[in-house]
Amino acid sequence: MNPNNSGIETIDDKQFYQLGSNLLQSIEVALEAADDELDLDLDVERQGGNVINIRFRDKSVIVVNTQPPLHEIWVAAKSGGYHYRWSGTMSKPLWLDTKTGKELLSDLSGFASTQAGKPIKIALMKA
């Protein structure tokens, strides 16, 4: 992925913090709604402001955290560890896996659905 790609806006640390904060809040809201709707028995816990631990009924965990120095979002799930790099614009946020190029929220929805045993859709809230 080329950071000089004209479709990607460079972000500074303050913008990364804002985007990361909105992303984590979106994940929390989506999972709480899915838990209420599907009775998933999820425990969604924010740690230190930039980490979310998602505990599932089977005791498995997904960890999502921001990495400010790298402007990345890291995800640890049963299926492995993933790093997502900023690839969007302020008006159209996008985080792509550094190895596969897959989109963060799509991957996270899949990881959560697998670990919960029911389909979960995680989407970004409007900032």
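Begin the tour at strand 1 and strand 2, which form a hairpin with three residues between them. Select glycine 48 in the turn: this residue has a positive phi of about 60 degrees. The model on display is a predicted one, and the values along the way are computed from it.

Next, display the backbone of both strands of the hairpin. Strand 1, residues 43-47, pairs with strand 2 in the antiparallel sense, over five bridges. To follow the register, select arginine 46; opposite this residue, in strand 2, stands isoleucine 52.

From strand 2, move to the nonpolar core. The largest such core has 31 residues, and Ile27, Ile54 and Ile62 are the members that touch the most others. Colour the contributing elements: two or more residues each come from helix 1 (13-38), strand 2 (51-55), strand 3 (61-67), strand 4 (72-77), strand 5 (80-86) and helix 2 (104-116). Helix 1 gives the most, with eight residues. In soluble globular proteins, nonpolar side chains tend to be buried together.

Now centre the view on isoleucine 62. Which residues does isoleucine 62 touch, not counting residues up to four places away in sequence? Its contacts are Ile52, Asn53, Ile54, Phe56, Val75, Ala76, Ala77, Leu108, Phe111, Ala112 and Gln115. Ile52, the residue opposite arginine 46 in the hairpin, thus reappears here among the contacts of isoleucine 62.

The next stop concerns the aromatic side chains. The structure holds three aromatic pairs. Select phenylalanine 16 and tryptophan 95, an edge-to-face pair with 5.8 Å centre to centre and 80 degrees between the planes. This pair links distant parts of the chain, since phenylalanine 16 is in helix 1 and tryptophan 95 is in strand 6 (residues 95-97), 79 residues apart. Add tryptophan 86, which also pairs edge-to-face with tryptophan 95, at 5.0 Å centre to centre and 70 degrees between the planes. Phe16, Trp86 and Trp95 form one aromatic cluster.

Are the two tryptophans, 86 and 95, buried or exposed? Tryptophan 86 counts as buried because its relative accessible area is 8%, under the 20% cut-off. Tryptophan 95 is likewise buried, at 4% relative accessibility. Phenylalanine 16 is buried too.

Finish in helix 2, where aspartate 107 is found. Aspartate 107 is buried yet has no salt bridge. Display lysine 102, the nearest side chain of opposite charge, which is 4.9 Å away; a salt bridge requires a separation within 4 Å. Leaving aside neighbours within four places in sequence, aspartate 107 is in contact with Tyr84, Asp97 and Lys102.

How values were computed. Residues numbered from 1 in each chain as written. Heavy atoms only, no water. Core = buried A, V, L, I, M, F, W, Y, C linked by side-chain atoms within 4.5 Å. Buried < 20%, exposed > 50% of the residue type's maximum accessible area, 1.4 Å probe, protein only. Helix = DSSP H or I, 4+ residues; strand = E, 2+ residues; numbered from the N terminus. Contact = heavy atoms within 4.5 Å. Phe/Tyr/Trp six-rings, centres within 6.5 Å; stacked < 30°, edge-to-face > 60°. Lys, Arg positive; Asp, Glu negative; His and termini not counted. Pairing = 2+ DSSP bridges.
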